[in-house]
Amino acid sequence: MFRLVTVFWAFIFMGVLLLGGRIVRQRWALMRSLYMPSSVIAGILGLILGPSVLGAIASHIAPASGLVNGLFAEDIREVWKQSPSIFINIVFACLFLGEIIPSPREIWQKASPQVAFGQILAWGQYVVGLLLTWLVLTPVFGMDPIAGALIEITFEGGHGTAAGMADTFRELNFSAGADMALGLATVGLVSGVVFGVALINWARRTGRLQIQPLADFKAEENPDPHPHDDAETRQRRQQLLRELLIDPLSLNFCFVGLAILVGWVILEALRLLERVSWGHTGLKLMAYVPLFPLALIGGIIVQLILTRWRKQYLISRPLINHIGGVALDVTIITALATLSLTAIGENLIPFILLSLGGIGWNLFVMLYLAPRILPIFWFERGIGDMGQSMGVTSTGLLLIRMVDPRNQSGALESFAYKQILFEPIVGGGLFTAAAPILIRNFGVAPVLGLTSGLLLLWLWFGFWNYGQIRRSLVQN
């Protein structure tokens with residue numbers, strides 16, 4: 001068991017790695033052109049300086065040099081190994097704190113095509129991954145069937161979700177899944193930016209962009225951090241900041257902690273329900289579900305309560321973003337720095353097939369289905385979801401800004417509204433957490449049937465909804 005001073009130095013070294021990642025990004029034009037986050041570069045630096053790369057080289061060249069374990073002591077690495085599953089809870093608790101949460105009906109009216117498009121991307125990733133596993137990966141390469149869930153966990157969920165699921169993989173005796181997931185998340189992140197930028201250039205050349213680039217567009221230097229606040233909320237927040245006797249960041253972290261606590265209570269209640277009901281049959285689901293999807297639900301509940309009590313001014317969305325950003329950086333750096341290249345090397349062909357399957361499905365949905373699901377501004381609205389489903393939410397936002405910097409298409413609002421009906425389920429939500437458990441308990445075929453049915457349902461709704469909206473536009 002490590003001591004607190006070990007934790008202290010583990011995070012000091014992590015900070016140095018992050019600074020190194022920032023320097024590499026500034027000095028290396030390729031990293032900037034790929035929009036590679038400094039945290040990902042920092043994690044790769046930690047991996048290179050650890051036992052998987054530097055240690056492996058030293059063990060062959062100079063076994064007595066003391067570098068066979070890399071530059072970082074084992075207790076430091078042990079802290080890093082446990083960090084992703086802890087800090088991912090903070091990331092998900094922050095997703096909706098400080099946000100305006102409209103009613104489900106309002107969300108549906110404004111973003112139903114976007115919801116359908118995002119759900120098609122996510123459920124299709126399950127179908128592709130499960131089919132690959134059922135037909136090729138398990139019978140030919142002996143892969144664990146849980147590999148069928150890796151595309152959605154990593155491409156839709158990103159590094160944070162991949163790192164957060166590591167403990168679940170280990171508890172389900174699929175230890176290679178944790179390392180493969182982080183590798184796939186990196187493939188998704190890079191391919192999301194590369195293919196996204198390539199598609200934008202293609203759409204611009206072929207006239208598929210309805211929003212033309214504005215040469216004179218300049219982002220606001222000091223944008224309003226709370227653009228949706230009414231006058232009363234602004235006044236109360238200003239008064240709060242004048243009278244506050246604790247740091248505003250500390251106050252906002254209190255609400256993050258409360259959201260995680262609410263999520264933990266919900267999770268424990270569900271586990272208790274399982275023990276006294278179907279748990280007697282030997283079927284265990286909630287015992288393997290991690291905390292972070294429930295922390296997301298906890299954040300929504302805390303935000304709704306504060307809004308109901310007219311206390312939403314207590315939370316500052318920019319400060320919540322900073323808290324979540326720091327937690328995400330910690331999650332990514334520590335997860336990548338402790339990645340096992342051996343696990344990926346031993347499963348290289350399955351890893352490549354899953355990567356190609358995920359990329360191929362996302363490109364198919366974007367190029368073929370988006371014009372048939374999104375009735376207006378299909379490219380501007382679709383490119384954000386494609387970027388998110390191949391990397392992270394920030395990738396999707398980046399691609400939206402590249403094609404529509406002034407948000408003339410309404411893509412940004414639709415993208416944001418979709419998240420409320422999307423994140424609690426897939427992309428790191430409840431089904432993402434439950435999928436490996438369902439595969440282990442019921443097998444590939446039933447889960448493939450379930451996800452295929454949901455994919456077909458969303459495809460039907462997407463086509464039907466497209467027709468309804470197009471007819472209403474013609475009539476008006």
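Student: Taking a salt bridge as a side-chain nitrogen of Lys or Arg within 4 Å of a carboxyl oxygen of Asp or Glu, how many does a search of the whole structure find?

Tutor: The search finds 6. This is a predicted model, in which local features need pLDDT of at least 70 and side-chain atom pairs count only at pLDDT 80 or more, while totals for chains, interfaces and linings use all residues. Residues are numbered from 1 along each chain as its sequence is written, and side-chain values use heavy atoms, with hydrogens and water left out.

Student: OK. Which residue does Asp-144 pair with?

Tutor: Arg-440, with an N to O distance of 2.8 Å. Asp-144 sits in the loop between helix H6 (104-141) and helix H7 (150-156) and Arg-440 in helix H20 (residues 430-442), so the salt bridge ties together parts that are 296 residues apart in sequence. The helices are DSSP runs (H or I, at least four residues; strands are E, at least two), numbered from the N terminus.

Student: Is Asp-144 buried or exposed?

Tutor: Buried, at 15% relative accessibility. Arg-440, at 33%, is partly exposed. The cut-offs are under 20% relative accessible area for buried, over 50% for exposed, and partly exposed in between, with a 1.4 Å probe and protein chains only.

Student: And what does Asp-385 bind to in a salt bridge?

Tutor: Lys-418, with the closest N and O atoms 2.4 Å apart. That pair links distant parts of the chain, Asp-385 being in helix H17 (residues 378-390) and Lys-418 in helix H19 (residues 411-420), 33 residues apart. Both residues are buried.

Student: What about Asp-167, where does its partner sit?

Tutor: Its partner is Arg-170, at 3.1 Å between the closest N and O atoms. The two are 3 residues apart in helix H9 (residues 166-171), which means a separation of about one helical turn. Asp-167 is partly exposed at 34%, and Arg-170 is partly exposed at 43%.

Student: Switching to the fold. How many helices and strands?

Tutor: There are 21 helices and 0 strands. Of the 476 residues, 51% count as buried. Among contacts (heavy atoms within 4.5 Å) with a separation of 6 or more, residues 24 or more positions apart account for 79%.

Student: How far apart are the ends of H6?

Tutor: The end C-alpha atoms of this 38-residue helix are only 44 Å apart, short of the 56 Å that a straight helix would reach. The expected span is 1.5 Å times one less than the number of residues. H6 has a kink of about 85° at Ala-111, shortly before the proline Pro-113. The bend at a residue is the angle between axes fitted to the seven residues ending there and the seven starting there.

Student: What touches Pro-113 from further along the chain?

Tutor: Asn-465 does, and Asn-465 touches Ser-112 as well, with residues up to four places away in sequence not counted. Asn-465 belongs to helix H21 (residues 444-475) and is buried at 8%.

Student: Where is the kink in H16 centred?

Tutor: On Met-366, at about 35°. H16 (residues 348-373) has 26 residues and reaches 35 Å from first C-alpha to last, close to the expected 38 Å.

Student: Odd backbone angles? Which phi does Asn-173 take?

Tutor: A positive one of about 60°, although Asn-173 is not a glycine. Most residues other than glycine have a negative phi. Asn-173 is in the loop between H9 and helix H10 (176-206), and at 68% it is exposed. Arg-310 has a positive phi near 60°; Arg-310 lies in the loop between helix H13 (292-308) and helix H14 (317-337) and is partly exposed at 45%.

Student: Last topic, the surface. Which residues make the nonpolar patch of about 540 Å²?

Tutor: Val-5, Phe-8, Trp-9, Ile-12, Phe-13 and Val-16. Patch residues have over 30% relative accessible area and no salt bridge; like charges are joined within 9 Å, and nonpolar side chains (Val, Leu, Ile, Met, Phe, Trp, Tyr) within 5 Å. Val-5 is in helix H1 (residues 4-27) and is partly exposed at 39%.

Student: And how much area does the protein expose?

Tutor: About 22100 Å², of which carbon and sulfur atoms supply 65%. Accessible areas come from the Shrake-Rupley method with a 1.4 Å probe, and for residues only the protein chains shown count as cover.
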